[in-house]
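Reader: I am new to this structure and would like to look closely at a single part of it. Please take me through that part slowly, one step after another.

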Amino acid sequence: MHKDADVLILGGGVIGLACAHYLQAEGRSVRVIEQGRVGGAASHGNCGTLTPSHAAPLTAPGLVGQALRWMLSPSAPLYIRPRWDPGLWRWLARVAGRCNARDWRIAGLAKGALLKYSRALVEDLVYGQGLDCGFEAGGLHYVFRKARALDRHSRELGLLAELGIEARLMDPAALAADEPALKEGLAGSIFFPGDAQLRPDRYTAELARIIREDGGAIEEGVCVTGIVRGRHGIESVQTSEGERRASQVVLALGAWSPLFATMIALPIPIQPGKGYSITYERPAIVPRRALVLKERSVCVTTWADGYRLGSTMEFSGYDQRLNRVRLDALERGARDYLREPVGPVKRQEWCGWRPMTWDDLPLIGRAPGHTNLWLATGHGMMGMGMSAGTGRLLADLMSGRAPALDPAPYSPARFAG
């Protein structure tokens with residue numbers, strides 16, 4: 001059988017590119033197929049934070065009640081557009097079943113382990129490969145307006161301590177001294193010195209560069225249209241540009257993964273969670289570090305040539321429209337905390353879909369019932385931060401080598417049956 005590569009990777013976002021890099025390091029030839037442009041979907045408009053601090057899963061006790069209250073407000077951090085969607089409601093029921101202390105802790109330890117592992121690998125990758133992507137290891141603040149909210153979130157620090165993730169409480173005076181871009185009168189922050197940030201579009205562009213320089217093929221503007229299965233697994237992938245063959249296939253299509261999976265009757269419990277961001281020219285006074293404005297759930301990152309507000313979560317299916325209410329909520333939230341909340345020139349308003357699983361953990365490993373199909377998807381809001389760890393873990397599993405990280409919590413087999 002003619003092969004276009006040893007490994008065919010479906011999806012040219014940050015996860016697919018990271019998998020391609022680490023597989024190439026194992027001596028595999030790779031071909032990446034991307035329906036748009038490399039890094040042009042969820043990998044493009046996020047805030048570019050690398051955050052072991054975000055180990056706590058979204059499936060927290062009390063989430064259900066909070067979500068029901070937020071459904072009444074289209075500008076809330078989490079918004080579920082009321083509509084008839086049986087698949088979404090079944091998925092939400094599974095989420096609700098995870099919102100207890102036991103499952104929250106188990107998922108948090110697994111999520112945090114992958115984030116911490118990946119954070120170290122990204123730094124090694126940036127400096128080892130000379131990636132020009134604005135990487136800065138300056139830490140991140142969770143900023144709070146109210147002492148009550150700060151106290152409540154401080155209860156999550158025990159989980160982070162189990163993972164060896166450092167956190168420091170800062171009172172208002174210490175926070176003001178460290179971050180003069182913030183307004184006066186805030187309650188304080190939790191500072192995570194191990195977090196980092198980068199420019200996500202440049203990171204994906206640099207990953208694509210080194211893959212191509214190492215002999216890998218990346219095809220952009222190519223859509224997957226079908227699958228041919230044989231006795232030994234997936235024989236070929238049909239695309240808008242013809243047939244592609246490989247010994248192994250990696251599914252890294254992010255929020256589009258379930259649409260592909262229907263071609264082979266593979267259950268992938270992912271819902272598209274829509275996120276938003278606004279990118280500006282830098283204001284005169286910008287934060288020194290990445291920030292999460294906790295009560296408003298707004299992330300703030302500053303780069304040498306830009307400034308971004310992002311976050312929010314909206315479940316509205318594959319709706320491509322920019323929701324003005326959601327975008328305005330980002331700016332309104334920033335005004336509660338920052339002396340100069342927006343930049344002088346708005347460069348881009350963006351939305352994109354994150355691949356959300358109901359246990360808030362990704363799917364990394366061999367697809368159940370398939371001999372040569374592997375999954376690297378379902379990273380939710382953490383694709384950038386989990387990218388290198390996912391690529392390394394998948395390369396280890398595909399090579400039959402014991403990985404440095406226990407792969408069991410991320411196994412796709414947990415959703416089988």
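Reader: In strand 11, which residue is the bridge partner of Gly226, and how does the rest of that strand fit with what lies on either side of it?

Author: Please keep in mind throughout that this is a predicted model. The bridge partner of Gly226 in strand 11 is Gln238, and that pair is a useful place from which to look at the strand as a whole. Strand 11 covers residues 233–239, and it is mostly covered, with five of its seven residues buried.

On one side is strand 10, made up of residues 224–230, which runs antiparallel to strand 11 and is joined to it by six bridges. The chain passes from strand 10 to strand 11 through a hairpin of two residues.

Following the chain onward, we come to strand 12, residues 242–244, which is also antiparallel to strand 11 and is joined to it by three bridges. Here again there is a hairpin, in which two residues lie between strand 11 and strand 12. Gln238 comes back into the picture at this point, since this residue stands opposite Glu243 in strand 12. Gln238 is thus a residue to follow from one pairing to the next, with Gly226 as its bridge partner and Glu243 opposite it in strand 12.

Technical notes. Residues numbered from 1 in each chain as written. Predicted model: local features only at pLDDT ≥ 70, side-chain atom pairs only at ≥ 80, totals over all residues. Heavy atoms only, no water. Buried < 20%, exposed > 50% of the residue type's maximum accessible area, 1.4 Å probe, protein only. Helix = DSSP H or I, 4+ residues; strand = E, 2+ residues; numbered from the N terminus. Pairing = 2+ DSSP bridges.
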